[in-house]
Amino acid sequence: MDVFHWSPEAKAPVLVLALLCLGYSAYWFVGHSAPLRRWVTQRHGDDRAEVYLPLYQKHLGVLLLGFVPLGTVLLVLPYDLLDYGLGRSNPMLFTYWILALCALVIPLGILSGRKPTTQTVYPQVRAREWDLSLIVFNALTWAAYLFAYELLFRGILLAVCVPVMGVWPAIAINVVLYALAHLPKGPLETFGALPFGVVLCMSTLLTGTIWVAFVSHVALAWANDYAALRYHPEMRVLVRRRADV
């Protein structure tokens, strides 16, 4: 038996797992590096660094978790955008999934955001005063980041693993990696990512699209972020627009 036998069908999962590992590692170490923090501080000042740094980190995530992996696999693998879950789904099935998941995750996000322990981390943008422009920009940045996230996990990774491994092993690998990516956010989010990840994988496989996973993930993030903002004792929403944001 050849211990180092290479199976050709393993090319796609191995490539995507390598892209995920390298992309997430680069995102984490560069996004949380001292040079990036110094650059943000020099660009926006000490008092605004904690406001802009999380936004730049998410933009970096869009590049390293979204554009780079997608561009690589489109060049190397015999798949197209529809294979990665970017097509349309049955409208009725899509609607049922969206309504069911949003009805579940939005209350959970609001309950989580009201907890003082959550407010030590969220909103990740640590601005004491929020005007409409910052609220909208933060929401759009979350959406762009989570689109890249879902494209990589529920789109690309799931698409290349299922044909080779089967459904449940592919889901298991997907969810384990998804949970591990949440380790820096503490045990609650890490363990919560396990059932949530299974549901997102199932919704993607049953609907043939990542849009259910994307919308429900964004709904959870927005509910959690803005509930934390609403109940944070040191943050407030401005009625008038600030000129320096």
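Let me start at one residue: Phe4 counts as exposed, because its relative accessibility is 75%, where exposed means over 50% relative accessible area, buried means under 20%, and partly exposed is in between, with a 1.4 Å probe and protein chains only. Phe4 sits in the segment before helix 1, and its C-alpha atom is separated by 40 Å from that of Arg88, which is 84 residues away along the chain.

Before going on, I should say that this is a predicted model, in which local features need pLDDT of at least 70 and side-chain atom pairs count only at pLDDT 80 or more, while totals for chains, interfaces and linings use all residues. Residues are numbered from 1 along each chain as its sequence is written, and side-chain values use heavy atoms, with hydrogens and water left out. When I speak of helices and strands, I mean DSSP runs numbered from the N terminus, H or I of at least four residues for helices and E of at least two for strands.

Now to the interior. The largest nonpolar core has 53 residues, and Leu65, Val73, Tyr84 and Tyr145 touch the most other members; such a core is a set of buried Ala, Val, Leu, Ile, Met, Phe, Trp, Tyr and Cys residues joined through side-chain atoms within 4.5 Å. At least two residues of this core come from each of helix 1 (11-31), helix 3 (49-76), helix 4 (91-113), helix 6, helix 7 (167-180), helix 8 and helix 9 (211-231). Which helix gives the most to this core? Helix 6 does, with 15 residues.

Leu65 is in contact, meaning heavy atoms within 4.5 Å, with Gly23, Tyr24, Tyr27, Tyr145, Ala148, Tyr149 and Leu152, leaving aside its neighbours within four places in sequence. There is also a second, separate core of 13 residues, which includes Val40, Val51, Tyr52 and Val125.

Let me turn to how helix 6 packs, beginning with helix 3. Helix 3 and helix 6 pack at an angle of about 30°, with their axes 9 Å apart, the axes being lines fitted to C-alpha atoms, for helices over the stretch in contact, and the angles running from 0 to 180 degrees between N-to-C directions. That angle makes helix 3 roughly parallel to helix 6, given that angles under 35 degrees count as roughly parallel, over 145 as roughly antiparallel, 65 to 115 as roughly perpendicular and the rest as oblique. The crossing of these two helices is left-handed; a crossing has that hand if the near helix is turned anticlockwise from the far one by less than a right angle, and is right-handed if clockwise. Among the residues that meet here are Leu65, Pro69 and Val73 in helix 3, and Tyr145, Ala148 and Leu152 in helix 6. By class, this contact of helix 3 with helix 6 has 17 nonpolar, five polar and one charged residues, where Ala, Val, Leu, Ile, Met, Phe, Trp, Tyr, Cys and Pro count as nonpolar, Asp, Glu, Lys and Arg as charged, and the others, Gly among them, as polar.

With helix 8 the arrangement is as follows. Helix 6 (residues 132-165) and helix 8 (residues 187-207) pack at an angle of about 65°, with their axes 11 Å apart, which makes helix 6 roughly perpendicular to helix 8. Their crossing is right-handed, and Glu150, Arg154, Leu158 and Val162 in helix 6 meet Gly197, Leu200, Cys201, Thr204 and Leu205 in helix 8. The residues of this contact divide into five nonpolar, two polar and two charged. Is Thr204, in helix 8, buried or exposed? Thr204 counts as buried, because its relative accessibility is 6%.

Helix 9 is the last partner of helix 6 that I will describe. Helix 6 and helix 9 pack at an angle of about 140°, with their axes 9 Å apart, and they are therefore oblique to each other. Within helix 9, Trp211 counts as partly exposed at 29% relative accessibility, and Trp211 touches Gly85, Leu86, Gly87, Phe94, Ile98 and Phe147, not counting residues up to four places away in sequence.

One local detail remains, which is a cis peptide bond that joins Tyr122 and Pro123, with omega about -10°. Pro123 is found in the loop between helix 5 (116-119) and strand 1 (129-130).
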